[in-house]
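User: I should like to understand the terms used for this model. Please explain them with reference to the structure itself.

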Amino acid sequence: MNKPTGSEIRVASPLKAWASRFALLLLVGAAFGLMLIGRTNTFIVEETRTAVTDMVTPILDVVSQPVDTFSGVLDQAEAFTRLSAENQSLKEQNARLLQWQAVAHRLEAENAALRNLNNMVPDPAMRYITTRVVGDPGGAFVRTVLINAGERNGVEKGQAAITGEGLAGRVAEVGQRSARILLLTDINSRVPVIVGSARDRAVMAGDNSNAPELLYLGPTAKVKVGDRVTTSGHGGVFPPGLPIGVVSAVGEKGIRVKPFVDWAHMEVLRIVDYEMTGILDFEAQVGAARAAAAAGNEQ
Amino acid sequence: MRQEEGLWHRLDLVARSISPFFVTMLLVLLSLVPLRIADLSPIVPALALIGVFFWSVHRPDLMPIWAVFLIGLVQDILTGSVIGPGIVGLLVAHALVVWQHRFFLAASFAVIWCAFMLVAAAALAVTWLLNCIAILTYVEPSPLFFQYLVTLAFYPCLAWAFLRGQRLFQR
């Protein structure tokens with residue numbers, strides 16, 4: 001390439017500086033514009049997001065597999081070092097659980113009999129979709145993960161995502177072959193829950209920390225550390241009775257819940273397909289109603 | 001034969017000139033891979049910020065402002081946060097480097113690292129502020145602070161790799 005002569009530089013640099021300043025302003029303005037669009041028109045943002053995520057998920061799927069294998073090997077090595085101690089504690093736990101199994105069988109039978117007596121409406125059936133966690137954006141602002149199943153696998157918006165230990169989050173966005181799970185700890189997460197054996201109703205709200213907070217507890221509710229928190233099923237988004245965690249702190253910083261889920265080892269998630277139309281369909285229903293009204297007007 | 005060489009040469013040039021952009025995009029993807037390490041997820045280093053800063057300092061011609069915008073856009077889309085704050089953060093980092101480009105011309109590695117401390121602090125602070133405004137909630141900044149420290153610690157490793165790569169290319 002030709003080297004610019006001195007006079008060219010003198011003319012070009014103010015022009016160039018002006019152009020680059022203009023470009024900076026333009027692009028910062030565009031970023032603010034995108035922020036506004038994100039607030040006002042979530043549909044477009046969501047469509048774009050799922051499209052991009054769909055493109056990236058196959059890559060993440062491949063890349064995350066060796067990481068999983070490696071972490072599996074590490075876990076195994078760790079497990080080997082405390083094999084006998086673990087065996088001992090598992091034997092004790094097994095003995096305890098066998099007793100619980102007997103109790104559960106008895107309660108199940110009793111429950112079925114009582115339901116039968118009261119002609120109670122049975123809960124809708126549950127179907128599970130098992131998927132792998134392929135992406136974890138991390139960072140300070142969101143608590144979400146990406147899974148490698150989407151619409152074509154039957155994943156729908158609003159479904160609960162669980163691990164063996166308990167509820168992990170809910171499906172927030174769905175693409176063709178990927179979906180984004182909003183974890184319980186995310187600042188946007190709100191889950192209607194039931195606390196303790198008194199079955200007090202509350203809302204569990206995430207704040208990006210590891211321990212979500214319980215809100216809107218009734219004035220008579222007495223919550224103490226160690227109380228179990230489960231989904232209440234209110235709003236019809238989650239099936240009732242999914243285990244979430246235990247109350248870990250009651251004090252100045254509010255009532256905090258420690259979820260059962262082991263966030264670091266969350267490699268596989270099960271999506272619960274609970275055949276029920278919840279409040280999250282509200283937008284779709286309103287949209288359909290509006291479309292119908294518009295069609296009526298045209299005629 | 002001659003023409004073919006010319007074509008390969010041109011392809012080579014194109015590949016070299018877009019590699020910073022692609023490598024930084026790759027870093028955005030890489031930061032999404034779940035590492036399965038306890039409590040690491042909230043403080044993963046801001047790899048894209050390192051990439052944008054490094055090439056804005058060393059090859060500003062290969063890291064134009066629109067590329068920074070695109071990288072920020074893809075990053076915000078993929079992390080699932082509000083779209084915008086991350087873009088502005090990267091643009092701020094880029095603008096600061098371009099503004100002080102004379103300073104970086106003769107700077108040693110340690111000095112550049114120190115400059116990165118300031119630039120990264122500014123970029124992350126802007127991102128945090130805009131995020132808070134966008135969701136109208138106070139987001140606890142302590143994980144961000146640790147993320148900042150981890151990013152600072154990661155800078156020399158990545159910069160070393162980038163420099164090695166650059167030398168390999170130039171040979």
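Analyst: In this predicted model, the second largest cavity has a volume of about 40 Å³.

User: What makes this space a cavity?

Analyst: A cavity is space where a 1.4 Å probe fits but cannot get out. The space of about 40 Å³ is therefore called a cavity because the probe fits there and cannot leave.

User: Which residues line the second largest cavity?

Analyst: Among them are A:Gly169, A:Arg170, A:Leu182 and A:Phe238. Strands E4 (167-174), E5 (179-183) and E6 (190-195) of chain A each give two or more residues to this lining. By class, the lining has 5 nonpolar, 2 polar and 2 charged residues.

User: Why is A:Gly169 counted as polar?

Analyst: The classes place Gly among the polar residues, so A:Gly169 in this lining is counted as polar.

User: How much space lies in the largest cavity?

Analyst: The largest cavity holds about 400 Å³. Its lining has 30 residues, and A:Phe141 and B:Gln75 are among those nearest its centre. The lining divides into 18 nonpolar, 11 polar and 1 charged residues.

User: How many salt bridges are counted between chain A and chain B?

Analyst: The count is 0. A salt bridge needs a side-chain nitrogen of Lys or Arg within 4 Å of a carboxyl oxygen of Asp or Glu, so no pair counted between chain A and chain B satisfies this rule. Polar contacts follow another rule, and 9 residue pairs are found in polar contact across the interface of chain A and chain B, both residues at pLDDT 80 or more.

Conventions
Residues are numbered from 1 along each chain as its sequence is written. Chains are lettered from A and ligands numbered from 1 in the order in which they are written. This is a predicted model: local features need pLDDT of at least 70, side-chain atom pairs count only at pLDDT 80 or more; totals for chains, interfaces and linings use all residues. Side-chain values use heavy atoms; hydrogens and water are left out. A polar contact is a pair of N or O atoms within 3.5 Å; within protein, one must be able to donate a hydrogen and the other to accept it, and residues adjacent in sequence count only if both atoms are side-chain atoms. On a 1 Å grid over the protein atoms alone, a cavity is a set of points where a 1.4 Å probe fits but cannot get out, and a pocket is an open set with protein on both sides within 12 Å along at least five of seven lines; lining residues have an atom within 4 Å of a point. Grid points are joined across faces, edges and corners, and a volume is the space filled by probe spheres set on the points. Helices (H or I, at least four residues) and strands (E, at least two) are DSSP runs, numbered from the N terminus.
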